[in-house]
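Here are my notes on this one, written for someone opening it fresh. Keep the model on screen while you read.

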Amino acid sequence: MKKNRACDLKTCFLCQHAIPEWLAAVAAHRQHQSFKKGEILFREGDPATGIYFLYEGKVKVHKQWGPEKELIIRLAKKGDILGHRGFGSEQRLYPVSATALEDGTFCYVDNTFFEASLKVNPALTYRLMQFYAAELQEAEKKMRNLVHMDVKSRLADALLEISRVYGHKQFTINRQDLASLAGTTYETIYRILQDFIQQRLIEAEGKSITILQEKKLQQLLTAAS
């Protein structure tokens, strides 16, 4: 990772919800760094040293799921927080990993400064509580889907989630990451993608996927719920 001083003290979650008087302290303590596609920001089991505020780019947050499998917990985009799952835990270890899906940048602050920021900025603390609550709801929804949804519905859900994160209906993702997001195997994903292509729900060329019929993908979720 390379250090980069392009932080504008306006974009990240911390800066948006801190009082103006605290921004000088943020400027003194934050580290603004760039990363490359495929780079690991932190690994599951590493000491949880601080919080990452995603400034640009996309990152997958994932967890080991069996000896050689992983489950993608969520996809993070500009403005999102990373590393917070290790904050405040007794062991102070990251319970998940974060890997870049594309080039980007983040602002990083250590746990000591972040804890001080929460004490000084009530609005930041409140917004963080809301963020934790929303993330918990999404995690519970994902676990429920893994149990109750068939694979076809989970793939439809994964495609719609990726589309929301990227902000458009055409995006690039490798098949293994798609399988990890849907909680299934590469072989199953390949087979169902071919079925979606034949039904003209999507188009796919290499790693590029285009959603053609968003409503029909959504109907698969409605039918499974």
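1. Start with what packs over helix H3: the cover on its buried residues includes helix H1 (13-17), helix H2 (23-29), strand E4 (50-56), strand E9 (104-110) and helix H4 (122-148). Helices (H or I, at least four residues) and strands (E, at least two) are DSSP runs, numbered from the N terminus. Bear in mind that this is a predicted model, where local features need pLDDT of at least 70, side-chain atom pairs need 80 or more, and totals for chains, interfaces and linings use all residues. Residues are numbered from 1 along each chain, and side-chain values use heavy atoms, without hydrogens or water.

2. Which residues of H3 are buried? In H3 (residues 111-120) they are Asn-111, Phe-113, Phe-114, Ser-117 and Leu-118. They sit on the same side of H3 because they span an arc of only 160° around the axis (taken from the directions from the helix axis to the C-beta atoms). Thr-112 and Lys-119, on the other side, are exposed. Buried is under 20% relative accessible area, exposed over 50%, partly exposed in between (1.4 Å probe, protein chains only).

3. Now look at the N-terminal end of H3, which Asp-110 caps: one of its side-chain oxygens is 3.3 Å from the backbone nitrogen of Thr-112.

4. The largest nonpolar core (buried Ala, Val, Leu, Ile, Met, Phe, Trp, Tyr and Cys joined through side-chain atoms within 4.5 Å) has 28 residues, and Leu-159, Leu-178 and Leu-217 have the most contacts inside it. Helix H5 (151-166) is among the elements giving two or more residues to this core; H5 gives the most, eight.

Conventions. Contact means heavy atoms within 4.5 Å. A polar contact is a pair of N or O atoms within 3.5 Å; within protein, one must be able to donate a hydrogen and the other to accept it, and residues adjacent in sequence count only if both atoms are side-chain atoms.
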